Amino acid sequence: MADTSDTRTPAQIEADIKRRREVLAETLDELGVRVHPKTIVSDAKAKVVSHVDHTLGRAYVGVNRVVSDVKAQLVDEAGAPRLERVVPVALVLVGVVGLLALGTRRRRG
């Protein structure tokens with residue numbers, strides 16, 4: 001059987017009760033802050049911002065990789081343009097821009 005005798009003085013017991021009340025009051029204050037609507041909204045916004053930052057970071061890395069790959073195709077190791085690849089790409093771009101320009105003129109007329 002457990003020993004139920006308490007060797008503390010009444011003053012020690014009162015001091016323990018006071019400390020526990022203070023700890024409990026701090027805990028209740030913290031819970032009040034956590035469940036406050038503004039805190040909940042702020043936490044939700046922070047999670048969304050974090051997710052968006054993560055997604056944008058991944059997109060940036062992906063775009064950077066594509067740009068590097070394209071650059072590697074159009075520029076040699078010395079940094080000079082590879083004309084055998086640049087000229088056809090430029091012609092295609094000019095053709096696409098020309099088609100877009102013609103398409104917009106026909107709609108207006």
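**Briefing: a three-helix predicted model**

L24, L28 and L31 make a nonpolar surface patch of about 290 Å². One of these residues, L28, lies in helix 1, which covers residues 10–34. The model is predicted. It holds three helices and zero strands. The radius of gyration is 35 Å, well over the 13 Å that the globule rule gives for 109 residues, so the protein is more spread out than a compact globule.

**Overall form**

- Read from the N terminus, the elements run α-α-α.
- Along the principal axes, the C-alpha atoms fill a box of roughly 95 × 45 × 25 Å.
- Of the 109 residues, 2% are buried.
- The exposed area of the protein is about 10,100 Å². Carbon and sulfur atoms supply 64% of that area.
- The protein carries 18 positive and 14 negative charges. The mean positions of the two sets are 17 Å apart.

**Salt bridges**

- The whole structure contains four salt bridges.
- R8, D16 and R19 are linked in a network of these contacts.
- In that network, the side chains of D16 and R8 meet at 2.2 Å, N to O.
- D16 also pairs with R19, and here the closest N and O atoms are 2.0 Å apart.
- R19 and D16 are three residues apart in helix 1, so about one helical turn separates them.
- D16 has 19% relative accessibility; the cut-off for buried is under 20%, so D16 counts as buried.
- Its two partners in the network are both arginines: R8 is partly exposed at 36% relative accessibility, and R19 is partly exposed at 48%.
- Another salt bridge joins E30 and R34, with the closest N and O atoms 2.5 Å apart.
- E30 and R34 sit four residues apart in helix 1, which again means a separation of about one helical turn.
- E30 is partly exposed, with a relative accessible area of 41%.
- R34 has a relative accessible area of 51% and is exposed.

**The loop between helix 2 and helix 3**

- P81 lies in the loop that links helix 2 (37–74) to helix 3 (83–108).
- P81 has 52% relative accessibility; exposed means over 50%, so P81 counts as exposed.
- P81 and H51 are 30 residues apart along the chain. Their C-alpha atoms are separated by 39 Å.

Notes:
Residues numbered from 1 in each chain as written. Predicted model: local features only at pLDDT ≥ 70, side-chain atom pairs only at ≥ 80, totals over all residues. Heavy atoms only, no water. Patch = residues over 30% accessible without salt bridge, like charges linked within 9 Å, V, L, I, M, F, W, Y side chains within 5 Å. Areas by Shrake-Rupley, 256 points an atom, 1.4 Å probe, with all protein chains shown as cover. Helix = DSSP H or I, 4+ residues; strand = E, 2+ residues; numbered from the N terminus. Rg over C-alpha atoms; globule rule 2.2 N^0.38 Å. Buried < 20%, exposed > 50% of the residue type's maximum accessible area, 1.4 Å probe, protein only. Lys, Arg positive; Asp, Glu negative; His and termini not counted. Charge placed at Lys NZ, Arg CZ, Asp CG, Glu CD.
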